[in-house]
Each structure stands twice: as structure tokens, then as C-alpha cells.
Amino acid sequence: MSRKTRLSQAAATVAVVALAAAGCGESSSGGSTSAGDAKPSGKYTGKGIGLAYDIGGKGDQSFNDAAYAGLQKAEKEFGITGRDVEPQDGETDADKIQRLTQLAQAGYNPVIGVGFVYGPAVKEVAAKFPNTTFGIIDDETVQAKNVADMVFHEEQASYLAGVAAAKASKGKHIGFIGGVDIPLIHKFEAGYVQGAKSVDPNIKIESQYLTETAQEGGFSSPDKGKDAASGQIEAGADVIYHAAGLSGQGVITESAAKKVWAIGVDSDQYNQKALASYKDYILGSALKNVGGAVYDLVKSVVDGKPLSGVVRGSLSNDGVGFADSNPKYKAMTDVVAAVDKAKQDIIDGKVTVDTK
């Protein structure tokens, strides 16, 4: 049965934790408790939260770190432990199946796959552990009573990024850099282009995908992001939006070096410690509340009412949004007003955002 929920706001700070080898990939335990320590009162009997990262792993200052922030918040509020596991280079679906199986066998509940690449693994492992709740982010193809499909209207947040970019651009020339040429990232591009053209139908937009497949490093290669940004800046773009995971760090560093605006993705990248040296050139970020989705799923399991079915984040439930942390952005009152109006128009149904 599908239940929809308002996505909670997750903590944005990512702590540094020690990594220890465990099973497939690397694992770390956060929080102040360990397995067997204090458990929340009520119906929860699991060992803690199992979190398996997507390509790029923890430290991407974006997608995976947003999931980790949700794990941290849940650990703190519910007094339970968490185990997060890193991916390996060139791994197969069998590796992901083994990773999720190990977490479920160890008693972690829920077990969450961060990224659509976990679709086949979640489908197989969830069937073997019907009493464990599984979550998968960015995929809604797995239909099972013990699986929550946590997906988002990325195109809505990207529309706001497009509005901000078009309003902030002095040369009426902006750019988009996607990590991998896949339908999920097409949603980011589609919303961005539509938002920008709503401001200026004649605006020039550079668009580039770093790789055809994730295995080629499109989400995990800052050097590829840097080179792509350099080319777009040379072509004349003065605002660049990336949807490229860890590769986006290269986009941001190159934009800062050339003194043009970058727009981050998923997390509020202005507030990421690893990007602090470049934050003055981060106009804003198209947010996807992955941390909130992780937190809400954990809470539902702790409360004895586990979510299942499709749980979708949108502008109307704060599942997506646009970060305004940069004071320089806030000072651009015309840009802020345009973004705020666009957000309300989408919520009110006056604007329907493209996904292709």
C-alpha cells in the first residue's frame, strides 16, 4: 500500500568518520551508539540503519552526502546506530545484491540503496527478507510491500535553477553539465532549460553530458567536470548548473577560478565544508531532500508504520527546492523575486515542468 509523506528537512552538516573495510566496499558507523546499545522505545527491534551509497560515495558534497545527513539525523533523534557502505569501482549487480544481503542478514532495518542503480538488487533482496523494510532512492520500478520508492520532481527544482541562471546571467549565455546521459539527468536539463527560457526565450544554453554510462565516471570524476566547465566558460557561459554528483566539484572549482556563477545540486553546496573556498561563486543549489527521505523512512520503521510504495518529493511538500544561502544571491532581489514567483506558479499548477 502506498503512503505519501511530507519530507522532513535533514541536517546539512556531514561529519568526518573513520572508514573500515567490511564485506563489499567500505563501511562506517556514525552516531554515538553501537549495535546493542540504546534502542528507541516502542516497536522497533532492528539493529539500526543500513545505507549503501551510489557511485561517488560519501564525500561527494551532493547526492550521497545528503543521504548520509539523513542517516545522521535519524541516529541522533532515535538513538540507533547506522552502517553506511561504499561502492567499489566497476562493481556488478551481484556486488550490490551481496552488500544489501549482508546488511539485511545483520539485522539492519531499514536497508536503503542510494541511487537507481540499486533497483535490481533491492528487488531481489527485498523478496528474500519480507520482514525488513527496504528503500531505494531515484527509482520507482520496484513494487513490493516492504519497499519504499523514494523519488523526486527534480525537474521542478531545476526549473528554479534555470530561472535564477537566466536572471543572473549578464551575457544571456548559460550552461548545463550532466554527469551521465540517462533519463534521470534529462529531467534536470529539461527543467533547467524550460525555466531559463521562461525568463528569456532567446537565451543561449550550452549543454553537455560527461559520459554515456556511469561506469565511465560521469558521476565520479571532478576532472571531467572541470574540463567541461572550462569549455562552456570559454564559449561564453557565465552561469553553469551541474547535475553530476562528485564530478560537479570540478564544475564548481573551475567556475570559481574563472569568476562565473555555478549552481549546485541535491545538497546546499554553498554550505558544504569541502567547497568553502569556492562558495562565493555558488549562486544557489537545486535541492533534492534525499536526507529528508532517508530520515522519514527510518522514522516510519521506528514508529512501526513503515512506508511503502512511491514517496515523491516536490516543491509542494519541500521534497525539492532552491537554496538561497549565499548572501550575494539574496542581494539580487529581482532574481529572488523571479524564483519565488516561479516556485509558487509550479505549486499552484500554473506551470507544468517538462521532464524530457
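Q: Which residue, just after H1, takes a positive phi of about 65°?
A: A quick heads-up: this is a predicted model, where local features need pLDDT of at least 70, side-chain atom pairs count only at pLDDT 80 or more, and totals for chains, interfaces and linings use all residues. Residues are numbered from 1 along each chain as its sequence is written, and side-chain values use heavy atoms, with hydrogens and water left out. H1 covers residues 63-78, and the residue just after H1 with that positive phi is Gly79.

Q: How many helices and strands does the protein have?
A: Helices (H or I, at least four residues) and strands (E, at least two) are DSSP runs, numbered from the N terminus. On that basis, the secondary structure comes to 10 helices and 14 strands.

Q: What share of the protein's residues counts as buried?
A: Buried means under 20% relative accessible area, exposed means over 50%, and partly exposed is in between (1.4 Å probe, protein chains only). Of the 356 residues of the protein, the share that counts as buried is 58%.

Q: Among contacts between residues at least 6 apart in sequence, what share joins residues at least 24 apart?
A: A contact here means heavy atoms within 4.5 Å. Among contacts in the protein between residues at least 6 apart in sequence, the share joining residues at least 24 apart is 71%.

Q: How far does H1 reach from its first C-alpha to its last?
A: The expected span of a helix is 1.5 Å times one less than its number of residues. H1 has 16 residues, for which 22 Å is expected. Of those 16 residues, 14 are buried, leaving H1 mostly covered. Its actual reach is close to the expected one, at 23 Å.

Q: How far apart are the end C-alpha atoms of H4?
A: H4 takes in residues 154-168, and its 15 residues should span 21 Å at 1.5 Å a residue. H4 is mostly covered, with 14 of its 15 residues buried. The distance between its end C-alpha atoms agrees with the expected span, at 21 Å.

Q: Are H2 and H3 parallel or oblique to each other?
A: Axes are lines fitted to C-alpha atoms, for helices over the stretch in contact, and angles run from 0 to 180 degrees between N-to-C directions. Angles under 35 degrees count as roughly parallel, over 145 as roughly antiparallel, 65 to 115 as roughly perpendicular and the rest as oblique. H2 (residues 93-105) and H3 (residues 119-128) pack at about 45°, with their axes 9 Å apart. H2 and H3 are therefore oblique.

Q: How many nonpolar residues does the contact of H2 with H3 have?
A: In H2, Asp93, Lys96, Ile97, Leu100 and Thr101 meet Pro120, Ala121, Val122, Glu124 and Val125 in H3. By class, the contact of H2 with H3 has three charged residues, one polar, and nonpolar ones numbering six. For the classes, Ala, Val, Leu, Ile, Met, Phe, Trp, Tyr, Cys and Pro count as nonpolar, Asp, Glu, Lys and Arg as charged, and the others, Gly among them, as polar. So by that definition, the nonpolar count for H2 with H3 is six.

Q: Is the crossing of H6 and H7 left-handed or right-handed?
A: The axes of H6 (residues 222-235) and H7 (residues 248-257) come within 6 Å and cross at roughly 40°. That makes H6 oblique to H7. A crossing is left-handed if the near helix is turned anticlockwise from the far one by less than a right angle, and right-handed if clockwise. For H6 and H7, the crossing is right-handed.

Q: Which peptide bond has omega near 10°?
A: Pro110 lies in strand E5, residues 108-113. The bond leading to Pro110 is cis, with omega near 10°, and it is the one from Asn109 to Pro110.

Q: Is Lys259 buried or exposed?
A: Lys259 sits in the loop between H7 and strand E11 (261-266). Phi of Lys259 is near 60°, a positive value in a residue other than glycine. At 62% relative accessibility, Lys259 counts as exposed.

Q: Is Gln61 buried or exposed?
A: Gln61 is found in the loop between strand E3 (48-52) and H1. Phi of Gln61 is near 60°, also positive in a residue other than glycine. With a relative accessible area of 10%, Gln61 is buried.

Q: What separates the C-alpha atoms of Phe219 and Gly245?
A: Phe219 lies in the loop between strand E9 (204-211) and H6. Not counting residues up to four places away in sequence, Phe219 touches several others, including Ile55, Val180, Leu246 and Gly245. Phe219 and Gly245 are 26 residues apart along the chain, yet their C-alpha atoms are separated by 4.9 Å.
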